[in-house]
Every structure is written in structure tokens, then in C-alpha cells.
Amino acid sequence: MPKVILKLEHDISTDDIYPGRYMATVLPSETPQFAFADRTDFNASLRAKAFPPGSIIVGGENFGCGSSREQACSTLKGHDLAVVAKSISRIFLQNSINLGLKVVLCPDLEAVEGDELEFTTDQVLNRSTGRAFPQVRLPAARQGIMDAGGLIPYTRRRLQARPR
Amino acid sequence: MGQTLTEKLLAAHCGRDFVVPGEIINATLDLVICHEVTTPPAVEMLKKLGITKVFDPSKILVTPDHFVPNKDIRSAELASALRRWREEQGIARYYEVGNHGICHALAPEQGHVLPGQTIVCGDSHTTTMGALGTFATGIGSTDLAAALATGELWFKVPETMRIDLEGPLPFGVYSKDIILALIARIGVDGARYMAMEYGGSALQSLSMEARFTITNMAIEAGGKNGVMPADAVAEAYVKARTDEPYTVFHADADAAYASRFSLDVGALEPMVALPSLPSNGRFVGEVPPDRMDQVYIGSCTNGRLEDLRIAASILKGNKVARGTRAIVVPATTEVWKQAMREGLLEIFADAGCVVSTATCGACLGGHMGVLGPGERCLSTTNRNFMGRMGSTKSLVYLASPATAAATAIAGVIADPRDYLPRPLLPEPCPADGKPVLVAAGADEYLWGV
């Protein structure tokens, strides 16, 4: 079961997630090396692949505030991470849907690093504390794009499914 | 039921008489602005989908701005990808290095922004252009790809927060102080996913340049867009730049606002937002006089001509303090040239400032003034997040160009009212966007910008 590998405060900005000095690096294949680059220990663990796929970052309110840079999403997706936060900034949420980064809105979540979380369709279950917290679901159409891995794979799949 | 300005703008772009907050609409786009950092990834996505043509080259504006001139090989690759793409697509509205500018300042300055438009750009400070009565918002590269391919984009209609700016702006207080005070009041997510619509008596007294500073920072309160009605000042600004026709929209008197409040700007003093959130605003008198290693005057927030004039009026005949570096970055090439003609560049150089070409540069920790560990910078930019301008061990303080200039001279955070030249005679108020002096009492003058 996926674990919380990083517990963060409110208002985590895209400058923290993906520092501006790396903005000239844009390819999703290259951005993961700079995830939380200035949190050097955490970045080193990510690059060393110390965490299994699906590992979770827990944020507070307004996660991903600031710049519109999509690298802030592709850098986390590249490590197969998921984000659970009390609230998420508008552009970061939209970019997450478009790139297929798994994000979950959970306003009341209580979890600490090391806790095991499970996602049901409408709840986040903290298996370490035995408590359940309601999820705010995305609209089904938006969730469909995220689950397809992003807008490009989603669009491609829809185009292929179209009768010729 | 009446509609807010943002609802009117969105309804007009989806063929509807009205829209309601929360609904999803597909809106046509009048202007898509492209810079070198977020556009090349969008272009790559289009190539992968086999889409070879943009929807309408005449509705696209292109300029490099983040790392001008190229800061390294990576940024050179992005800039040349942008250049090749705009050539292939036949996009005429292209501003090459030497003619370039920070896109949010360049687009309105060059007459491409018209009241009533919908505008998107792969950049969060696109909200700036809402000051001309447009719906303007920032998007990521994937949405930019969709916008470039189709000329349309889906939007959730935001709720609107209405802010009425009332009262006369006191001496030494500027539009930057207004927006810092507002964000201090509502917080960095106080307007999350909302439209921030402005009105009130103080708004009418602000020049266009001053207004852009306020809408620029909508995103710093989490807003989707910032918007102001296009009044006589806005129309004069637009008409001085283009003959293109446009439509002016107004909020209805009975519009439904999610929240509405007034901000008494007459009670404000110069503001400083302490590290490391834009919402940490305090009156300058309440801020300890910390030593500053660097002062930065520029960016899409405060790099326009009026900003440089105010800074120069303080720096003229003075010297930047020992131990402090002052960096001036005009927002566009045109601002740079006009500052040269007016002698402002000479004032900055004589004071010991470095003047750079237009670039987003150090605002986002890119180049031309990046901070090292332990350094402090007072900046006229829009964000002071941890690590924003360089090292995560550096600290950024946000303030107006006047406060920045005063701080450059003092070497510590300083009150611009102690340095601003006191005008001898009030002047009548022109509508041309220049700083004007307004008589306020027997011995008191207001510098209304």
C-alpha cells in the first residue's frame, strides 16, 4: 500500500516543486531530476528511486500555487508520485489533469510521513490510523482525462476510437 | 439577475446571453500569447498529434522574454525552437530580441490588447491584461497546445469577488501598495479560482500602467483573472496604440458577486511583503530596517515607464548604498528606449545601478541578478516564495518601485516618503497615463499614479 513520503505545509509553490532556474528544461523525460531540487535530501532519494511507484506527497491548502509551469507536474509524474492536498491551486490542478498526474483533493486529511493511504472512489483511508476522510471528486470528464494519463493520450484514444 | 464583468466577457465568447458560475463553457479566443519557455512543449505536443497548423496566425503574438538574451544552451534551444515555429506558421506579430519585451507588458503596450477580448498565455501573470477590460488568464503548455490548435478553450465560469478601491491615494503610496495590502487582507488563496473584479473611485484615478500592476498579481491571491472596466483612461490608452475596433463590457448593477468589499486606499502606507509569501504585507514603518544585498526594479509587475520614472525621481543625484546592488530591468524594449530618451538610464547609471535589457530574468531565479545563500533582496516583482530568486536560503521582500529606490539609497528597507521629492505645485490631471500630482489640501499633495 502506498505510503506518505513527504508531508508539506500550506502554500507550497511551483518554485519549491520545480525551481525557476530549471525552467529551460522542459522535456517530461528530463524534468524529474529537478523535483524539489532545493530539498536536496528528498531530491536525492527520488533520483535514487528510493520510493515505490504510487508513493504520496501530502500537501496542505493551495498546493502548487504560483507559476503555470507544467514541469511542476511532469517532474512529479516522472517519479510516479501522487499528490493529496486539502486544496490545490487552479493552474496546478488543471495541469495535473492534462498531464495525468494523480492528484486527490481531501480537505480534512490527517496524515504524517510513513502513513499508508488507500484511495476509494470517495474517500481517502489512512490505514495507519484507521481513519477515513472524504474526497472532493473531480467532475467525471476531468477524472477520465487524468486516468487516461493526460489530455494527449486521452485525445489520441478518442480519435482512434472514432469510426472512420 | 445581472452579470459580472467576467461573466459578460465569457458569455460573449461562447455565443450565449448569460453564463453562471460553476458551469463549463467552451470559449473562443481572441489572442494567444506565446513565449519561449512554455510554447515549445506545446508545439511538440501538436506535432505528436499530427497537427501542423495553428488556428489563426493573426491571433497569435510571439516574443521571447524569460531568458533574454539566452542564458545558456537550453534556453537558446527553446528560443530558436520558438523562432522556427513562428516562421513556419507565418505569425506576423513577432518581437525578436532587440524589439522584445516581457509579454504581459509588451502586448498591451504595442496595441494588441483590446477591451472585450479573451486572452490566454502559458504564463500565470497573463491576468495583467484584464486591466483593459479583457478576460485574460494563465494556462499550462497542454492547454496552450489546445488553444493554438483550435482557437478555443474550455473554462469553468468563475465566481466573482468584487473589490471597490475607494479614497484618495496618499503621497508615496502606489498601486503596488494597494495590491500588496489586498493580498495581505485576503491571503494567497483568498480568491482561489475566482475572478477579481475591481471598481471604485480610486480606480478611476489610476493610470493604465498602475492598473496593470494590480491585475498582474491576481494570481498571487489565487485568482483566475483580474478584471477592470475599460473606462476613458483605458480607451485613451488603447486608441493611442491601435485603430482596431473593440467592444466594451460592463458589469450589471445587480450582478451577483460571491463577495464584495471596499478597500480604503486613503488609509494605506507604503507596503513591504516580508519573506516568503506575497500575503506577508506590512506598512513599511512596521518592518525592521533590514540590510538589503540587492534591490530589483523591474518585471511584468513594475517594469513599466511610470515605475522607472518614480524610481529615477528618487535616485536622481543619489548613490546606491555601499554593500547593496541595484538592478533595473525595463519590462520592454520600448520602455528601455523611452527611459533612455528621458535620461532615466543615465540617472540610474550615475546612481550606481545596473540597467539590463527587458527579461523576466532574476524575478524567477533565471539570470541577471540571481541571489546566493543568505542574501536579501527587496524587489518590485510579484513573488517572494522560498527560492524564487535563487537560493532557498535567500530572502525576497516585495514593494513598490518608490520603496525599492529608497531602499537602494539607504541600503536598508526605507520609507519612500523620506526620499520622494515633494512637489511644489499641483498639476491638472491628464488622462494620458503619466504620473500626476493632485491637490489634496493646504500643504498636502497626493502623488496619484
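Start where chain B meets chain A in this predicted model, and look for the 16 residue pairs in polar contact between them, both partners at pLDDT 80 or more; a polar contact is a pair of N or O atoms within 3.5 Å, where within protein one must be able to donate a hydrogen and the other to accept it, and residues adjacent in sequence count only if both atoms are side-chain atoms.

Next, select α2 (39–48), α3 (73–89), β5 (135–138) and α5 (141–150) of chain B, the elements that each give two or more residues to the side touching chain A; helices (H or I, at least four residues) and strands (E, at least two) are DSSP runs, numbered from the N terminus.

Then show Glu30(A) and Arg74(B), which form a salt bridge (a side-chain nitrogen of Lys or Arg within 4 Å of a carboxyl oxygen of Asp or Glu), with their closest N and O atoms 2.8 Å apart.

Widen the selection to the whole interface, where 38 residues of chain B are in contact, meaning heavy atoms within 4.5 Å, with 34 residues of chain A. Leu49(B), Arg74(B) and Thr142(B) supply 17% of the area that chain B buries against chain A, more than any other three residues; buried area is the accessible area (1.4 Å probe) that two parts lose on being put together, summed over both.

Finally, colour chain B by pLDDT, the predictor's confidence in each residue from 0 to 100: the mean is 94, and 94% of the residues reach 70 or more, but over residues 435–449 of chain B the value is below 50. Where pLDDT is low, the predicted coordinates should not be read in detail.

Residues are numbered from 1 along each chain as its sequence is written, and chains are lettered from A in the order in which they are written. Local features need pLDDT of at least 70, side-chain atom pairs count only at 80 or more, and totals for chains, interfaces and linings use all residues, while side-chain values use heavy atoms, with hydrogens and water left out.
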